[in-house]
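Me: Please take a close look at one strand of this structure and the parts it pairs with. After that, set it against some other parts of the chain, in one connected answer.

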Amino acid sequence: MMDAHPYLPRCLAAATLILSAACGDAGQPPLQADAHPGLNTGGHLFADVTETHLPATPGSSMDAQAFDADGDGDLDLLIAKEFQRNVLLLNDGTGRMAVAPAGTLPGSAYDSEDVAVADFDRDGDLDAAIAGEDDQNSELYLNGGGGTFADASGRLPARGTAQSVAAADLDGDGDADLVFGNHGQNFVFINGGGHFSDQTHARLPAVADLTQDVEVGDVDGDGDPDLVFGNVDDNRLLLNDGRGFFADAPGRIPLRAGIEETREADLGDVDGDGDLDLYFANVAFVAGADPQDRLLINDGRGFFSDATAPRIGRETAHTPEADFVDVDRDGDLDVVTANFRDTKAWRVMLNDGAGFFKEATGTVLPSGLDGEGVDVEAADFNGDGLVDLYLSSYVGRDRLVFGRQ
């Protein structure tokens, strides 16, 4: 496999490291009150290391992606900035980040919204695709090794008003394809040796959505990746036929009677039954929308039921982002949200093990994390086996918090 698909080892290594941080490290015992006295005494599970480990960079962060950009075995960060140059932060191995040298990451001050990484050209290192919204300048950067990137945006075969991008092997040929979520027709670009062909019209339904997020996962348990589009108004589930051709699956996701303005869709097994459940992070910037987030439970075949009321309860924050992360290391997936124009820029809801959640922000996160939360990136940045969080803010500086022993 390594010879046939040289991109896989490093991609899988990075993915394993991130997944280990997000879902609990088998080498770390579950966090108990006696093992972590701060849990009972008002201490926090995370410590704010922003001032010592994170350089001051311009605001307008929209998304952060952790990956080993320079091949040195630790996780770096690529930050998508709105109408500013994107920022690559390199990790020194202890979680201290520094802005990459000039010329490392090309590009201009585009309206960047979202980041996806994969080894698109199958040369053994990780490349990056970035969704561009209002100016329609989506970007593709190929890693030349050692974390120096070249602009290959000309390999993207079409332009759109893109709010999101995801990388996945849609057609099962061993390389990473691209899905762009657009204002209008979404795109599927099929990879052929690092060059992409626009196969949207063959592989996606002809639908003009206002898509804010693309999430990829096998929701129906048949072994291939399906697509969830988080939209302004009706969200959409598309099922893969096994060859990378997608069809609408109406009725599998319960829809709201009113407007649902979803900014993020996240898949994860919250109730421990082995299938992927679905969280919609919602805002209410459109008149008539309800900002209530939603939690949908999968029956194992890709049919979802709305379990919002009993499992997360009523909330009214504008939530551009929600991530499933095992923050308390008890083996189940908790929820960390980023919130806009809210008293808490980031919130934490802890899972009871059966998929019922209770807010515990004050116990988990340190105080003083102000800002306009737009993204959460969970990974082990300092190599201690504990999950850390990079918290992106649209206004003010981003934050970095480390998990505490």
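Reply: Two residues are in contact when heavy atoms of theirs lie within 4.5 Å. The model is predicted. Among contacts in the protein chain between residues at least 6 apart in sequence, 51% join residues at least 24 apart. The chain has 405 residues, and 59% of them are buried. Its secondary structure consists of six helices and 28 strands.

The strand to look at closely is β7, which covers residues 127-132. Six of its six residues are buried. D127, A129 and A131 point one way from the strand, while A128, I130 and G132 point the other way. Residues on both sides of β7 are buried.

Which strands pair with β7? One partner is β6 (residues 112-118), joined to β7 by six bridges. These two strands run antiparallel, and S112 stands opposite G132. Another partner is β8, which also pairs with β7 in the antiparallel sense, over three bridges. There, I130 has E139 as its bridge partner.

The link between β7 and β8 is a hairpin with six residues between the two strands. In its turn, Q136 has a positive phi of about 60°. Q136 also belongs to the lining of the second largest pocket, where Q136, N137, S138, S153 and R159 lie nearest the centre. This pocket has a volume of about 210 Å³ and is lined by 18 residues. The elements that give two or more residues to the lining are β8 (139-143), β11 (177-185) and β12 (187-192). By type, the lining has eight nonpolar, seven polar and three charged residues.

A pocket is open, but the model also has closed spaces. Rolling a probe the size of a water molecule over the atoms shows where empty space is left. How many cavities of 30 Å³ or more are there? The count is two. The largest cavity has a volume of about 50 Å³. Q185, N186, L204, P205, V207, D209, F229, R236 and L238 line this cavity. Five of the lining residues are nonpolar, two are polar and two are charged. Q185 is a residue of β11, the strand already named for the pocket.

Next come two sheets elsewhere in the chain. One is an open sheet of four strands in the order β1-β28-β27-β26, with antiparallel pairing. Its edge strands are β1 and β26 (373-379), each of which pairs on one side only. Neighbouring strands of this sheet are turned by 25° against each other on average, direction ignored. Strand β1 is joined to β28 (residues 399-403) by three bridges in the antiparallel sense. Within that pair, D48 stands opposite V401.

F46 shows how β1 sits among distant parts of the sequence. This residue lies in β1 (residues 46-48). F46 counts as buried because its relative accessible area is 2%, and the cut-off is under 20%. F46 and L400 are 354 residues apart in sequence, yet their C-alpha atoms are 9.6 Å apart in space. Leaving aside neighbours within four places in sequence, F46 has contacts that include V327, V364, V387, L389, V401 and F402.

In the same sheet, β27 (residues 388-393) holds S392. S392 is buried, at 0% relative accessibility. Not counting residues up to four places away in sequence, S392 touches S61, D63, A64, W346, E372, G373, V374, D375 and D398. Of these, S61, D63 and A64 fall within the range of β2 (61-67).

Strand β2 leads to the other sheet. Here four strands form an open sheet in the order β2-β3-β4-β5, with antiparallel pairing. The edge strands are β2 and β5 (97-99), each pairing on one side only. From one strand to the next, the twist averages 25°. Strand β4 (residues 87-91) pairs with β5 over three bridges, and N91 stands opposite M97.

To return to the strand chosen at the start: β7 pairs with β6 and β8, and the turn after β7 holds Q136, one of the residues nearest the centre of the second largest pocket.

Definitions and conventions
Residues are numbered from 1 along each chain as its sequence is written. This is a predicted model: local features need pLDDT of at least 70, side-chain atom pairs count only at pLDDT 80 or more; totals for chains, interfaces and linings use all residues. Side-chain values use heavy atoms; hydrogens and water are left out. Two strands pair if DSSP finds at least two bridges between them. Axes are lines fitted to C-alpha atoms, for helices over the stretch in contact, and angles run from 0 to 180 degrees between N-to-C directions. On a 1 Å grid over the protein atoms alone, a cavity is a set of points where a 1.4 Å probe fits but cannot get out, and a pocket is an open set with protein on both sides within 12 Å along at least five of seven lines; lining residues have an atom within 4 Å of a point. Grid points are joined across faces, edges and corners, and a volume is the space filled by probe spheres set on the points. Ala, Val, Leu, Ile, Met, Phe, Trp, Tyr, Cys and Pro count as nonpolar, Asp, Glu, Lys and Arg as charged, and the others, Gly among them, as polar. Buried means under 20% relative accessible area, exposed over 50%, partly exposed in between (1.4 Å probe, protein chains only).
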